[in-house]
Amino acid sequence: MASSSSRSLRWSASSSRGRGGWEMERLTAPVPYRVGPYDYSPAVKCLCNRKAPWWTLWSDDNLGWRYYRCPSRLKLGDCGYYAWIDRQTTKYERILLCDLRDAVWQLRKEKTKEQQQVQRVQEENGHLRQLIVQLEKKKDDLKKKMEEKEQLEIMENNNFTCFRRCIEVFALLGLLFVLKYSTM
């Protein structure tokens with residue numbers, strides 16, 4: 001069977017099954033609404049000897065009923081062939097099928113909402129990832145500056161130590177000079 005999908009308009013009136021008010025929704029059929037003429041066998045031919053596709057109804061009164069129809073379907077050259085595949089359903093079966101159809105549509109709506117929410121979260125995560133990258137870059141820059149500052153401090157300490165030692169050497173030399181020439 002080919003998996004084609006359709007969009008159908010659903011008018012829902014208040015009833016015991018919990019629908020509220022009149023609303024028009026654009027929903028996808030729970031199962032393929034049409035099976036092409038070459039997607040099933042044995043062949044069923046219309047009056048103009050062409051293989052007829054089968055269709056599925058999704059109205060509340062004929063929910064899930066399948067039928068064959070001339071491929072021209074109400075156009076010029078339509079032979080008017082129309083034949084039901086399924087038997088008439090009981091009231092209980094119609095209510096059950098309507099409830100199942102509505103449940104499928106509700107689950108699809110929820111799935112769409114959840115997919116939109118996931119997409120929003122992913123977009124937010126993308127923004128947060130960019131912030132993390134920027135913060136990591138700033139952290140690396142600060143780390144580099146700290147290392148450079150530590151290097152400068154080490155060099156300054158080394159220079160100061162060297163200077164101090166030089167002063168100590170000069171002081172010792174001066175002391176030795178004073179001691180040597182003061183005894184003379």
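Here are three short exercises on a predicted model.

**Exercise 1. The helix span**

Find how far helix 1 reaches, and compare that with the expected span.

*Solution.* Start with the limits: helix 1 covers residues 91–182, which is 92 residues. Next, take the first C-alpha and the last. They lie 132 Å apart. At 1.5 Å a residue, 136 Å is expected. The helix reaches close to that value.

**Exercise 2. A buried pair**

Which residues of helix 1 are buried, and which salt bridge joins two of them?

*Solution.* First list the buried residues of helix 1: Cys 98, Arg 101, Asp 102 and Trp 105. Then look for opposite charges. Such side chains can pair when their charged atoms come close. The side chains of Asp 102 and Arg 101 form a salt bridge, with 3.2 Å from N to O. Both of these residues are buried.

**Exercise 3. Pairs one turn apart**

A search of the whole structure gives three salt bridges. Describe the one at Glu 136 and the one at Glu 168.

*Solution.* Take Glu 136. Its partner is Lys 139, and their closest N and O atoms are 3.5 Å apart. Both residues sit in helix 1, three residues apart, or about one turn. Glu 136 is partly exposed because its relative accessibility is 37%, between the 20% and 50% cut-offs. Lys 139, at 47%, is also partly exposed.

Now take Glu 168. It bridges to Arg 164, with closest N and O atoms 3.8 Å apart. These two are four residues apart in helix 1, again about one turn. Glu 168 is partly exposed at 42%, and Arg 164 is partly exposed at 40%.

Finally, consider the spacing. An α-helix has 3.6 residues a turn, so residues three or four places apart point the same way.

How values were computed. Residues numbered from 1 in each chain as written. Predicted model: local features only at pLDDT ≥ 70, side-chain atom pairs only at ≥ 80, totals over all residues. Heavy atoms only, no water. Expected span 1.5 Å × (residues − 1). Buried < 20%, exposed > 50% of the residue type's maximum accessible area, 1.4 Å probe, protein only. Salt bridge = Lys/Arg side-chain N within 4 Å of Asp/Glu carboxyl O.
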